[in-house]
Amino acid sequence: MEEAGLPQSEGPPPLPYSLRTRKKSIAIFWTLFVIDTLGQPLILYWALKYCTSLSLNLVFSISTAALGGISVFEYFYRLYNLMRKSSRARPLNARKSWLDFFHINFTIVWLILAVELIVGTVNPNPHVRLLAMPLPTVMFYFGGVHLTLDVLRMSGFKAPFRISSTHQGSAMPTALYVLVEDIVAVDGGGGQKFRYALRTRYLSSPYFRRMLFEMNCFWAGGSLVAASAITAIIFTTSEDVAYTLGWSLPFAWATVWTLITFPWVQAELRREKETWNRVPHFGGEPFTDDITVNPRTRYNSFQARILPFAGREKPVPDASPPGSSTVTDDTTTHATTALTNNNNNDNINNHNHNHTAPNDNTESKTQDTNHTTDKSNNAPPRGVVLSDESRVGTHDHDYKS
């Protein structure tokens with residue numbers, strides 16, 4: 001009989017979503033987004049400032065009013081998909097009034113940008129450097145929020161409120177998991193079917209959780225460092241250079257990080273599948289977001305090579321088939337002790353000229369004991385009970401497989 005909560009398949013639970021079938025729509029969206037967020041501000045700034053007699057205040061009033069058309073459309077599109085009565089995109093087990101975590105942050109960051117743009121254009125002489133800060137501000141905000149969530153997670157804090165499909169009081173989820181869940185489910189059209197599948201994968205695979213944590217630190221930490229560098233450039237160069245670099249450098253950084261991310265994730269997903277049979281040996285409670293489980297990823301191996309002073313993790317034992325002759329250190333010690341005691345008894349008997357035949361079955365019994373102990377060590381834990389926080393069932397309005 002299969003044990004509850006333990007992986008029984010040959011690989012991790014699949015995700016019912018593919019980017020390959022959506023290449024055209026993804027390309028169209030990002031082309032429009034880059035034109036709206038990168039091309040339009042710079043073209044309007046240089047064209048209106050140097051090819052017309054308009055005042056600088058009017059130049060920025062026009063460029064600011066035309067800014068963010070795609071983002072505004074995306075905001076209300078997400079809001080409609082989350083709030084409509086028959087929504088299949090909202091978080092699992094969430095009421096109609098609940099927004100997902102990304103949309104809440106989307107709202108906050110838009111309010112911050114609105115204040116920033118209004119303050120920058122309200123004076124007759126606009127603050128050009130402040131008007132070059134919208135994209136670094138977004139990088140500061142999301143980098144800070146995502147890094148804070150994972151710091152709280154590793155510190156053992158529970159979710160203080162509902163975070164998308166993660167209930168209040170559950171283990172704090174890694175921030176990238178929440179971002180992927182919300183973006184694919186709403187913007188990508190994956191719906192609650194994807195939310196359910198992603199949560200199943202997240203809870204089933206310690207390697208997948210660790211990969212998302214490392215990737216989140218890579219993006220959030222890189223975002224904060226890059227935003228700090230861009231901010232320093234904005235406030236130390238001429239206004240024309242500052243405005244141009246303030247809107248273009250964030251895209252250059254994101255491009256580099258994306259080129260690093262794709263092969264990294266593909267390699268980690270392959271390794272996750274290769275090590276799937278070792279999941280019971282990772283420790284922790286199965287099918288639960290257990291932050292104490294820390295499988296060795298490729299990043300851990302690289303970190304151990306470049307930081308030899310860092311604490312190394314214990315190697316994960318290979319999954320041995322039932323009935324193998326592998327024994328643990330404790331078993332080997334007991335077997336050696338038994339054989340030693342048997343030899344001592346034989347020596348004493350020889351010294352007393354006692355010619356009674358030694359017990360020939362001692363060694364075979366010891367081997368049988370080792371073999372039995374090995375079976376018990378390789379057997380998966382029994383009686384696993386899923387905790388409340390690992391239940392991913394849905395209500396009537398949620399996706400049902």
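**Note on the predicted model: helices, a surface patch and Ser164**

1. The UniProt record, an unreviewed entry, assigns the feature "transmembrane region" to residues 27–48, 54–77, 98–119, 131–152, 217–235 and 241–265. These positions come from the record, whereas the coordinates discussed here belong to a predicted model.

2. Two of the annotated stretches can be set against the model. Residues 27–48 are 100% helix and 0% strand, with 29 Å between the end C-alpha atoms. For residues 54–77 the helix content is 79% and the strand content 0%, and the end C-alpha atoms lie 35 Å apart.

3. On the chain as a whole: the protein chain has 13 helices and zero strands. Its pattern along the sequence is accordingly written α-α-α-α-α-α-α-α-α-α-α-α-α.

4. Of the 401 residues in the protein chain, 39% are buried. The exposed area of the chain comes to about 22,200 Å², and 62% of that is supplied by carbon and sulfur atoms. Taking contacts between residues at least 6 apart in sequence, 75% join residues at least 24 apart.

5. A nonpolar patch on the surface consists of Leu19, Ile26, Trp30, Val34 and Phe262, which together have about 460 Å² of accessible area. Helix α1, residues 23–51, gives the patch its largest share, with three residues. Two of the annotated stretches bear on this patch: 27–48 and 241–265 are both in the list of transmembrane regions from UniProt.

6. Trp30 is one of the patch residues and is found in helix α1. Is Trp30 buried, partly exposed or exposed? Its relative accessible area is 47%, so Trp30 counts as partly exposed; the upper limit for that class is 50%.

7. Ser164 sits in the loop that runs between α6 (134–154) and α7 (175–187). Although it is a loop residue, Ser164 counts as buried because its relative accessibility is 3%, and the cut-off for buried is under 20%.

8. Which residues surround Ser164, apart from its neighbours within four places in sequence? Ser164 is in contact with Pro91, Asp100, Phe101, Val178, Glu181, Asp182 and Arg195. One of these partners, Asp182, also makes a polar contact with Ser164, side chain to side chain, at 2.8 Å.

9. To restate the two residues examined: Ser164 is buried at 3% relative accessibility, while Trp30 is partly exposed at 47%. Ser164 belongs to a loop and Trp30 to helix α1.

How values were computed
Residues numbered from 1 in each chain as written. Predicted model: local features only at pLDDT ≥ 70, side-chain atom pairs only at ≥ 80, totals over all residues. Heavy atoms only, no water. Helix = DSSP H or I, 4+ residues; strand = E, 2+ residues; numbered from the N terminus. Buried < 20%, exposed > 50% of the residue type's maximum accessible area, 1.4 Å probe, protein only. Polar contact = N/O pair within 3.5 Å; in protein donor to acceptor, adjacent residues only side chain to side chain. Contact = heavy atoms within 4.5 Å. UniProt positions renumbered as here; feature names shortened; annotations may be inferred. Areas by Shrake-Rupley, 256 points an atom, 1.4 Å probe, with all protein chains shown as cover. Patch = residues over 30% accessible without salt bridge, like charges linked within 9 Å, V, L, I, M, F, W, Y side chains within 5 Å. Salt bridge = Lys/Arg side-chain N within 4 Å of Asp/Glu carboxyl O.
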